[in-house]
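Visitor: I'm new to this one, and I'd like a close look at a single part of it. Could you walk me through the helix packing and then show me what else is around?

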Amino acid sequence: MAGVSRADYTLGHGSDDYRVTHYDLELDYKIGPNRLSARAALSAVAAGELSRIPLDLAGFAVKGVRVDGRTARFTHRGGKLVVRPVRPVRGEFTVEVRYSGNPRPVASRWGEIGWDELTDGALVASQPTGAPSWFPCNDRPGDKASYRVALTTASAYTVLVTGDLVTRRAGGSATTWVFERREPTAPYLMSVQIGRYDELILDGVQRIAVPRRLRAAAAHDFGRQPEMMRRLTEWFGPYPFGEYVVVVTDDDLDDPIEAQGMAIFGANHVDGRRTFERLVVHELAHQWFGNSLTVAGWRHIWLNEGFATYAEWLWSEASGGPSAEALARDWRSRAGTDVAIGDPGVARLFDEQVYKRGGLVLHELRGRVGDEVFFGLLRTWVAGHAHGTVTTEDFIAHAERAAGVPLRDEFASWLG
C-alpha cells in the first residue's frame with residue numbers, strides 16, 4: 001500500500017532535524033565564464049538541540065559559515081555541507097553561507113539536474129534533487145519556506161526568478177533583479193531563468209518570456225492559456241499564486257520544467273501549430289498540484305503527476321478533443337501494471353505509469369462518486385491544503401469524508 005515506502009527516495013538529501021522558514025539569496029552571476037558568487041542566509045527552527053546542521057550544497061568553494069552571527073566550523077564533501085556551531089542551537093537560528101564556483105547540474109538517478117548553461121544564458125530545472133546545484137538548502141519537498149532572491153548579471157539579459165519582482169536596479173553594465181517568493185515553496189520548485197527574452201502579456205496574471213524569433217509562434221501556441229486558466233479554476237478552485245510566467249528558452253529541452261508560478265518550455269515545444277498543447281495545460285495544472293499542494297515525500301508523486309495528467313484529459317474534452325472517458329479507456333488498455341504508483345520506487349519515479357495510471361485513479365474515483373462530489377472534493381482538497389504538504393493517505397481520507405463512503409480498499413487496488 002502507498003503508506004509504506006520501499007526506498008529512500010531522498011537519496012541522502014534533506015534533514016528532519018530542522019525546518020527552514022526563509023531563504024535570503026544574493027547571487028552575482030557572470031554568464032560567459034559561468035561563475036557564481038553568492039551569499040545565502042537561512043532562517044530555521046531546530047526540532048531539538050542541534051550540534052551539527054547538515055545542508056545540501058553541490059561542488060562550490062565555501063568561503064565561510066556563520067551561525068547566529070558567529071563563525072562556525074564546517075565540512076563540505078559529497079554534496080553535504082555539515083555546519084558545527086560554537087554552541088548547539090535550539091529553536092530559531094540562522095545560518096549564513098558564502099560560496100562561489102561554476103554552477104552545474106548535479107548527478108542523480110534521473111540524470112543531471114539543477115543549474116544548467118544555455119547557449120546564451122542559464123536555466124534551473126531542479127526536480128527532484130537539483131536545488132543544491134545553486135544554493136545551500138534543506139533539500140526535501142516537504143520543507144517549504146519563503147524566499148528573497150537578488151541576482152546581478154549583465155544588463156543585456158532578462159532575469160526571471162520564481163516570485164514577484166520587487167526591484168530592478170541598473171548600474172553600468174550589470175543589473176540587479178530582486179524577487180520575493182512569499183508563499184511557502186519547496187527548494188526544488190525555486191527556479192532562475194536568464195536569457196534574451198521578449199515579453200508577451202496574456203492577461204493580468206499570465207505572461208510569456210520568449211526569444212524574439214519565436215514570439216509569433218508562442219503567441220499562438222499559448223494563446224488558449226487564459227481559457228485553460230478559467231477552466232482549471234472552475235475545476236480546482238482559485239489560482240494559488242499572484243503570477244504565472246511561461247519561459248520559452250532559445251534551446252531545445254527534453255521536457256517542460258515545473259517551478260512555482262512558472263513553467264519552462266524548450267524552443268522545440270513551440271511550432272505555431274499547438275502540437276504540444278497538452279503539455280501547456282499539464283504544467284499549468286501543476287501550480288495547484290505540486291506547487292501549492294506539494295508532496296510530503298517523493299513516493300506520493302502521483303498526487304502531482306496523476307492530477308496534472310487528468311487536467312490534460314479534462315481540457316481535451318472541454319476544448320473539443322477526445323473526452324476524458326475516451327482517453328481513460330485508451331490508457332486503461334495500454335498502461336502497464338508492474339509499478340505500484342502509490343509507491344513506485346526511486347527508479348520508476350517518473351515512469352509513464354505514474355502519470356497515466358494516476359490519471360486513471362482520478363477517473364475511477366469520478367465514476368465511483370459522481371461529478372458533483374468529485375469536483376467538489378477536488379476544490380476542497382486544494383483549499384484545505386493550500387501552500388502545504390500532502391500525502392496519499394491524506395487524499396484517501398479526504399475523498400472518503402467527501403463521498404461519505406469507504407474508499408480505502410478501492411484506492412489500494414487502483415494504486416497497487
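Visitor: At roughly what angle do the axes of helix α6 and helix α9 cross?

Guide: Before we dive in, keep in mind that this is a predicted model. Now to your pair: helix α6 covers residues 352-369 and helix α9 covers residues 408-415, and their axes come within 10 Å and cross at roughly 150 degrees. An angle over 145 degrees counts as roughly antiparallel, so that is how α6 and α9 lie to each other. The crossing itself is right-handed.

Who does the touching? On the α6 side you'll find Arg357, Val361, Glu364, Leu365 and Arg368, and they meet Glu410, Phe411, Trp414 and Leu415 of α9. Sorted by class, this contact of α6 with α9 has 5 nonpolar and 4 charged residues, and no polar ones.

Stay with α6 for a moment, since helix α5 (residues 324-334) packs with it too. Here the axes are 10 Å apart and the angle is about 130 degrees, which makes α5 oblique to α6. The crossing of α5 and α6 is left-handed, whereas the one between α6 and α9 is right-handed. From α5, the residues in contact are Ala324, Glu325, Ala328, Trp331 and Arg332. Their counterparts in α6 are Glu352, Lys356, Leu360, His363, Glu364 and Arg366. By class, the contact of α5 with α6 has 4 nonpolar, 1 polar and 6 charged residues. Did you spot Glu364? In α6, Glu364 is among the residues that meet α5, and Glu364 is also among those that meet α9.

Now for what else is around, beginning with a sheet that has a helix on it. Five strands form an open sheet of mixed pairing, in the order β17-β18-β19-β21-β20. Its edge strands are β17 (198-201) and β20 (257-259), each paired on one side only. On average, neighbouring strands in this sheet are turned by 20 degrees against each other, if you ignore direction. Helix α3 (residues 277-285) packs on this sheet and touches β19 (244-248), β20 and β21, with its direction at about 150 degrees to that of β21. At the β20 edge, 3 bridges join β20 to β21 (residues 262-265), and the two strands run antiparallel. For one pair to look up, try Ile257, which stands opposite Ile264 in β21.

There's another open sheet of 5 strands, in the order β9-β10-β11-β16-β13, and its pairing is antiparallel. Here β9 (106-108) and β13 (158-161) stand at the edges with a single partner strand each, so one side of each has no neighbour in the sheet. The twist from one strand to the next averages 20 degrees. Inside this sheet, 5 bridges join β10 (residues 111-118) to β11 (residues 121-125), an antiparallel pair. Gly114 has Ala125 in β11 as its bridge partner.

Two backbone details are worth finding in the loops. Pro128 sits in the loop between β11 and β12 (145-154), and the peptide bond from Gln127 to Pro128 is cis, with omega near 0 degrees. Asp68, in the loop between β4 (61-67) and β5 (70-71), has a positive phi near 50 degrees even though it isn't a glycine.

Lastly, a word on confidence. The protein chain averages a pLDDT of 96, and 98% of the residues score at least 70. Residues 1-7 stay under 50. Where pLDDT is low, the predicted coordinates shouldn't be read in detail.

Key: Residues are numbered from 1 along each chain as its sequence is written. This is a predicted model: local features need pLDDT of at least 70, side-chain atom pairs count only at pLDDT 80 or more; totals for chains, interfaces and linings use all residues. Side-chain values use heavy atoms; hydrogens and water are left out. Axes are lines fitted to C-alpha atoms, for helices over the stretch in contact, and angles run from 0 to 180 degrees between N-to-C directions. Helices (H or I, at least four residues) and strands (E, at least two) are DSSP runs, numbered from the N terminus. Angles under 35 degrees count as roughly parallel, over 145 as roughly antiparallel, 65 to 115 as roughly perpendicular and the rest as oblique. A crossing is left-handed if the near helix is turned anticlockwise from the far one by less than a right angle, and right-handed if clockwise. Contact means heavy atoms within 4.5 Å. Ala, Val, Leu, Ile, Met, Phe, Trp, Tyr, Cys and Pro count as nonpolar, Asp, Glu, Lys and Arg as charged, and the others, Gly among them, as polar. Two strands pair if DSSP finds at least two bridges between them. pLDDT is the predictor's confidence in each residue, from 0 to 100.
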